[in-house]
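Biologist: I'd like to learn how to read a model like this one, feature by feature. Could you walk me through it?

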Amino acid sequence: MNLIEILNLQVFGDHRGSLISLEEYSECVPFTIKRVYFIFDTKEDVIRGKHAHKNLEQVIVSVSGECDFYVDNGSERAIIKMNHPSKALHIKSMVWREMTNFSKDCVLLVLASEHYDIDDYIFDYDEFLKMVHQIQGDN
Ligand code: TYD
């Protein structure tokens, strides 16, 4: 799927438990990690995200609990259930995203290719579509 990449992370497990490692410039994280943040204590009935990024790439993992991740690149749409720490999403630039249906224990870990920059955000869906069409040269 062009829209996003779903990655199956390698789990190192033994009788003590499980471990997953993420390294920059690896198959799973094909960029320099400039920022890490995590989202937790999110209320079940809220929608987070509702934006796209002009340049930012991210790898996202639900390290605990679950939520639904809606992604949209202007022509394709998908809802991915983030319900296991071994499932990661690689989201490139120009993808509209919304996160919903958070379980109480959900912790979303986000690795980002850029520092926080409000000017990289697109908050208006119509503006997002316009920019997608401009990039595709079919406006
Ligand atoms: P917000 O973008 O609303 O989160 P979400 O995409 O999950 O809906 O971010 C919440 C607040 O945190 C907002 O005031 C901006 C701030 N923030 C930072 O200061 N640095 C960051 O790296 C991020 C992601 C958010």
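Modeller: Sure, we'll go through the sheet, a hairpin, a pocket and a handful of single residues. Keep in mind that this is a predicted model.

Biologist: Let's begin with the sheet. What is the order of the strands in the open sheet of 5 strands?

Modeller: With a sheet, I write down the strand order and then look for the edges. Here the order runs β8-β7-β10-β5-β12, and the pairing is antiparallel. The edge strands are β8 and β12 (121-122), each of which pairs on one side only.

Biologist: How many bridges join β5 to β12?

Modeller: That antiparallel pair has 2 bridges. If you want a spot to look at, Ala 52 sits opposite Ile 122 of β12.

Biologist: And the other edge? Which residues of β8 are on the covered face, and which on the uncovered one?

Modeller: For a strand like this, read the two faces separately. In β8 (residues 77-82), Ala 78, Ile 80 and Met 82 make up the covered face. Arg 77, Ile 79 and Lys 81 make up the uncovered one.

Biologist: How many bridges pair β7 with β8?

Modeller: β7 (residues 67-72) and β8 are antiparallel and share 6 bridges. Asp 72 has Arg 77 of β8 as its bridge partner.

Biologist: What should I look at in the turn of that hairpin?

Modeller: Start with the backbone angles. There are 4 residues between the two strands, and among them Gly 74 has a positive phi near 100 degrees. Then check what the side chains do. Asn 73 is in that same loop between β7 and β8, and its side chain reaches two backbone nitrogens: that of Ser 75 at 3.0 Å and that of Glu 76 at 2.7 Å.

Biologist: Is Asn 73 buried or exposed?

Modeller: Buried, because its relative accessible area is 14% and the cut-off for buried is under 20%. Further along the chain in either direction, Asn 73 has contacts with Leu 3, Met 94, Val 95, Phe 128 and Val 132.

Biologist: You mentioned positive phi. Which residues other than glycine have it?

Modeller: It's a good thing to scan for, because most residues other than glycine have a negative phi. Tyr 25 is one case, with phi near 60 degrees. Tyr 25 belongs to the loop between β3 (17-19) and β4, and at 61% relative accessible area this tyrosine is exposed. Asn 101 is another, with phi near 55 degrees. Asn 101 lies in the loop between β10 and β11 (107-112) and is partly exposed at 46%.

Biologist: Now the largest pocket. How much space lies in it?

Modeller: About 180 Å³. After the volume, I look at the lining. There are 14 lining residues, and Tyr 37, Ile 39, Gly 49, His 51 and Met 99 are the closest to the centre.

Biologist: Which strands supply at least two residues each of that lining?

Modeller: β4 (35-39), β5 (48-53), β6 (58-64) and β10 (96-100) do. The largest share, 4 residues, is from β5. Sorted by class, the lining has 8 nonpolar, 4 polar and 2 charged residues.

Biologist: What about a polar side chain such as Gln 58? Where is it found?

Modeller: Gln 58 is in strand β6 and is buried, with just 2% relative accessible area. For a buried polar side chain, I'd look for a polar partner. Here the side chain of Arg 97 joins that of Gln 58 in a polar contact of 2.5 Å. Gln 58 also touches residues including Phe 31, Tyr 37, His 53, Leu 89 and Val 110.

Biologist: Last one: how do I spot parts of the chain that meet despite being far apart in sequence?

Modeller: Compare sequence separation with C-alpha distance. Ile 20 and Ser 86 are 66 residues apart along the chain, yet their C-alpha atoms are separated by 7.3 Å. Ile 20 is in the loop between β3 and β4 and counts as partly exposed at 30%. Besides Ser 86, Ile 20 touches Leu 9, Gln 10, Val 11 and Pro 85.

Technical notes: Residues are numbered from 1 along each chain as its sequence is written. This is a predicted model: local features need pLDDT of at least 70, side-chain atom pairs count only at pLDDT 80 or more; totals for chains, interfaces and linings use all residues. Side-chain values use heavy atoms; hydrogens and water are left out. Buried means under 20% relative accessible area, exposed over 50%, partly exposed in between (1.4 Å probe, protein chains only). Two strands pair if DSSP finds at least two bridges between them. On a 1 Å grid over the protein atoms alone, a cavity is a set of points where a 1.4 Å probe fits but cannot get out, and a pocket is an open set with protein on both sides within 12 Å along at least five of seven lines; lining residues have an atom within 4 Å of a point. Grid points are joined across faces, edges and corners, and a volume is the space filled by probe spheres set on the points. Ala, Val, Leu, Ile, Met, Phe, Trp, Tyr, Cys and Pro count as nonpolar, Asp, Glu, Lys and Arg as charged, and the others, Gly among them, as polar. A polar contact is a pair of N or O atoms within 3.5 Å; within protein, one must be able to donate a hydrogen and the other to accept it, and residues adjacent in sequence count only if both atoms are side-chain atoms. Contact means heavy atoms within 4.5 Å. Lists of a residue's contacts leave out its neighbours within four places in sequence.
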